Amino acid sequence: MGEHKRIGILTSGGDCAGLNAVIRAVVHRAVGTYDWEVMGICRSTVGLMSRPVQALYLDIDRVDTTLTMGGTILGTTNKGNPFAFPMADGSLSDRSDEIIEGYHQLGLDALIGVGGDGSLAILRRIAQQGKINLIGIPKTIDNDVGITERSIGFDTAVNIATEALDRLHFTAASHSRVMILEVMGRDAGHIALNAGIAGGADIILIPEIPYRLDNVCRKIKERQDQGKNFCSAIVSEAVCTTEGELMKYQDRFGECRLGGIGNYLAEEIATTSGAETRVTVLGHVQRGGIPSPLDRLLGSAFGVAAVDLIASEQYDRMVTWQNREVAIVPIAEAIGQYRAVDPNDTLVKTARGLGICLGD
Ligand code: F6P
């Protein structure tokens, strides 16, 4: 059975569906199988830099009903890099040592960090500095973490975006309109590509494939010529304008947010093609709600595998999904490669084969 351990788990970066499935699996494996203790750290590194440290004991009863819950019972943050943390007086402070001290105050033997590439890079830097035994679990609706074919939250987001397209289809047909659905994904077009094919979109625009407006309008015209007076388009938030500009704005906290390409395109398409256009910006709906069965499976498999890595004292590793099974890689290797949509990806070929306009 090995020596008794006390381990910590935190969720970091934007929330997504399936995080609670991970937490539940970690507790079941660590407490149920190994008879260890699990501390859930609140609001990611913010919990570790707080005094007293914000954390709670997680036993099997606590996670009994979490499998189907959206969000994260531990809370999270996607603001404030701990190496340049914004302080009340407006200055930036390196708070990494407080986080390391917080980890040691809890008497932890290892830490499981559930995050995207940005969070995992920060956690790894802290772990190296503080000699923390870290295991990474990839999560992000953007599905852009290197090496892993899937990250937690992606499948649920694709399901939601697909359902949105399904619903828009009927209203588009009823009114003979071009319906544009703007989806998240940051710099990667995985959500748009996957949901676009699954939801029968006529046009899919992703950041990895530059588009031309005349190609988009030609597709709309082509459908009109076939007697189909409506069209559905899905566009990733990081698709640029025809001038190559990213549609973004700064919020009142100074954070850069993507958004607006749907409305921009609607205007351009209406002006160029004369088609009546409407826009739906799906936003955070994609991150919320009940996790899909696949995200529950992935979360469960990753949670169990992460605890097993701690049992065999293999640290600085990340669990990944490859060829229908869990595979273990060094965290550095995963965060060292960004996973955008490969223009030669099989799904890109599928979209082209279906006659979907990718704008190029
Ligand atoms: O990285 C996940 C993500 O949902 C992106 O797709 C999106 O651009 C961003 O986070 C939104 O962040 P926030 O929750 O801070 O608005």
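Me: How much space lies in the largest cavity?
Reply: About 50 Å³. A cavity is a set of points, on a 1 Å grid over the protein atoms alone, where a 1.4 Å probe fits but cannot get out. The volume is the space filled by probe spheres set on the points, which are joined across faces, edges and corners. This is a predicted model: local features need pLDDT of at least 70, side-chain atom pairs count only at pLDDT 80 or more, and totals for chains, interfaces and linings use all residues. Residues are numbered from 1 along each chain as its sequence is written, and side-chain values use heavy atoms, without hydrogens and water.

Me: What makes Leu48 a lining residue of the largest cavity?
Reply: Lining residues have an atom within 4 Å of a grid point. Leu48 is listed, along with Thr45 and Ile99, among others.

Me: Why is the Asp142 pair with the ligand called a polar contact?
Reply: A polar contact is a pair of N or O atoms within 3.5 Å. A polar side-chain atom of Asp142 lies 2.7 Å from a ligand oxygen atom, so the pair qualifies. For Glu237 the distance is 2.6 Å, and for Arg257 it is 3.0 Å.

Me: Which residues around the ligand include Arg?
Reply: Arg186, Arg257 and Arg287 are among them; each has a heavy atom within 4 Å of the ligand.

Definitions and conventions. Polar contact = N/O pair within 3.5 Å; in protein donor to acceptor, adjacent residues only side chain to side chain. 1 Å grid on protein atoms, 1.4 Å probe; cavity = no way out; pocket = protein on both sides within 12 Å on 5 of 7 lines; lining within 4 Å.
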